[in-house]
Amino acid sequence: MPKGKIGLVLTAAFLVSAPWVMAGAQGPESIDLKEKFQVEGGMKAVIFPHRTHQAKLACSSCHLDPEGGGKLVVELVNKVGIGNDFHKKFCWPCHVEMQVPQGKSCPTCHG
Ligand code: HEC
Ligand code: HEC
Ligand code: HEC
């Protein structure tokens, strides 16, 4: 094989196998939303199972970019109390629509 071609093949293999490249595209397996969005309050932090959701849904269900990552389809502004935007605008409406078992039960998300 000519030298240039070997280089190309090696680069391609490297890009495909590099775990940080994969992690970058798919994002984290799970996300501590309390920490990520700097939510204050007494409830146990929600560890969002990102991968579980990716397995069931298109990225565009939650992200503006159809390839995923970056901005979410909703703006999460109100982070206080039971009427917060996570509940009202994001997690609950979809759980109700998709009939997720115990989808609005506190322990499902708050551990
Ligand atoms: C059910 C909702 C949901 C789905 C579906 C979803 N994500 Fe996410 N994703 C989130 C949330 C919530 C975050 C954390 C908030 C944030 O990082 O802004 C996130 C974060 C990410 C991040 C990290 C972004 C950053 O700036 O740190 C990447 C990358 C990502 N998602 C990619 C994807 C891809 C690719 C898909 C489709 C295969 C996907 N997501 C599907 C909800 C979802
Ligand atoms: C666009 C739809 C959608 C959104 C938005 C969404 N979910 Fe879900 N969620 C689902 C579906 C569908 C399931 C059921 C997955 C399954 O049965 O494997 C689920 C299941 C779950 C589960 C249970 C996972 C398990 O292992 O059984 C948790 C916890 C959860 N969601 C948390 C959240 C949180 C927290 C948010 C908001 C930050 C959120 N979800 C937003 C669709 C959504
Ligand atoms: C589908 C997921 C989901 C369910 C079910 C859920 N929550 Fe939440 N909740 C969240 C997310 C996400 C946040 C914001 C991130 C965090 O606090 O970790 C939040 C934040 C909160 C907050 C504001 C922050 C704080 O610590 O005070 C309160 C209060 C709260 N939830 C109460 C409840 C109660 C009570 C229930 C049961 C009736 C419940 N939640 C069910 C996802 C959920």
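## Axial histidines of ligand 3

Both histidine 87 and histidine 110 are buried (under 20% relative accessible area, with exposed over 50% and partly exposed in between; 1.4 Å probe, protein chains only). These two residues coordinate the iron atom of ligand 3 through NE2, at 1.9 to 2.0 Å. Histidine 87 lies in helix α5 (residues 85-97) and histidine 110 in helix α6 (residues 106-110), so the pair, 23 residues apart, links distant parts of the chain. The site is octahedral, with angles of 88 to 179° among six donor atoms.

Donors here are N, O and S atoms within 2.8 Å of the metal (3.2 Å for Na, K and Ca); water is not among the atoms, so sites may look incomplete. Six donors count as octahedral if opposite donors are over 155 degrees apart and all others between 65 and 115. Helices (H or I, at least four residues) and strands (E, at least two) are DSSP runs, numbered from the N terminus.

## Basis of the model

This is a predicted model, in which local features need pLDDT of at least 70 and side-chain atom pairs count only at pLDDT 80 or more, while totals for chains, interfaces and linings use all residues. Residues are numbered from 1 along each chain as its sequence is written, chains are lettered from A and ligands numbered from 1 in the order in which they are written, and side-chain values use heavy atoms, with hydrogens and water left out.

## The shell of ligand 3

Ligand 3 is surrounded by 24 residues, and the closest are Lys34, His87, Cys106, Cys109 and His110 (a residue is near if one of its heavy atoms lies within 4 Å). The space taken by ligand 3 is the largest pocket. α3 (33-36), α5 and α6 are the elements that give two or more residues to this shell. The largest share, five residues, comes from α5.

A pocket is an open set of points on a 1 Å grid over the protein atoms alone, where a 1.4 Å probe fits, with protein on both sides within 12 Å along at least five of seven lines. A molecule sits in one if more than half of its atoms lie within 2 Å of its grid points.

Polar contacts (pairs of N or O atoms within 3.5 Å) add detail. Backbone N or O atoms serve at two residues: methionine 43 lies 2.9 Å from an oxygen atom of ligand 3, and valine 46 lies 2.9 Å from an oxygen atom of ligand 3. The side chain of histidine 87 places an N or O atom 2.8 Å from a nitrogen atom of ligand 3.

## Ligand 1 and its iron

The iron atom of ligand 1 has His50 (NE2) and His63 (NE2) as protein donors, 2.0 to 2.1 Å away. Its six donor atoms subtend angles of 88 to 180°, which makes the arrangement octahedral. Histidine 50 lies in helix α4 and histidine 63 in the loop between α4 and α5, so the pair ties together parts 13 residues apart in sequence. Histidine 50 and histidine 63 are buried.

Ligand 1 takes up the second largest pocket. Of the 22 residues around ligand 1, His50, Cys59, Cys62, His63 and Glu67 come nearest. Helices α2 (19-26) and α4 (50-56) each supply at least two residues of this shell. Lysine 36 brings a polar side-chain atom 3.3 Å from an oxygen atom of ligand 1. Glutamine 54 brings one 3.3 Å from a nitrogen atom of ligand 1. For histidine 63, a side-chain N or O atom is 2.8 Å from a nitrogen atom of ligand 1.

## Ligand 2

Ligand 2 sits in the largest pocket. Its shell holds 18 residues, of which His53, Cys91, Cys94, His95 and Thr108 come nearest. α4, α5 and α6 each supply at least two residues. α5 gives the largest share, four residues.

Side-chain N or O atoms approach nitrogen atoms of ligand 2 at 2.8 Å from histidine 53 and at 2.8 Å from histidine 95. Lysine 56 has a polar side-chain atom 3.4 Å from an oxygen atom of ligand 2.

## Loop residues

Aspartate 65 lies in the loop between α4 and α5. Its relative accessibility is 37%, so aspartate 65 counts as partly exposed. The aspartate 65 side chain reaches the backbone nitrogen of glutamate 67 at 2.8 Å.

Two glutamines have positive phi. Glutamine 38, in the loop between α3 and β2 (47-48), has phi near 50° and counts as exposed at 67% relative accessibility. Glutamine 99, in the loop between α5 and α6, has phi near 50° and counts as exposed at 68%.

Notes: Tetrahedral: all angles 85-135°; square planar, octahedral: opposite > 155°, others 65-115°. Polar contact = N/O pair within 3.5 Å; in protein donor to acceptor, adjacent residues only side chain to side chain. 1 Å grid on protein atoms, 1.4 Å probe; cavity = no way out; pocket = protein on both sides within 12 Å on 5 of 7 lines; lining within 4 Å.
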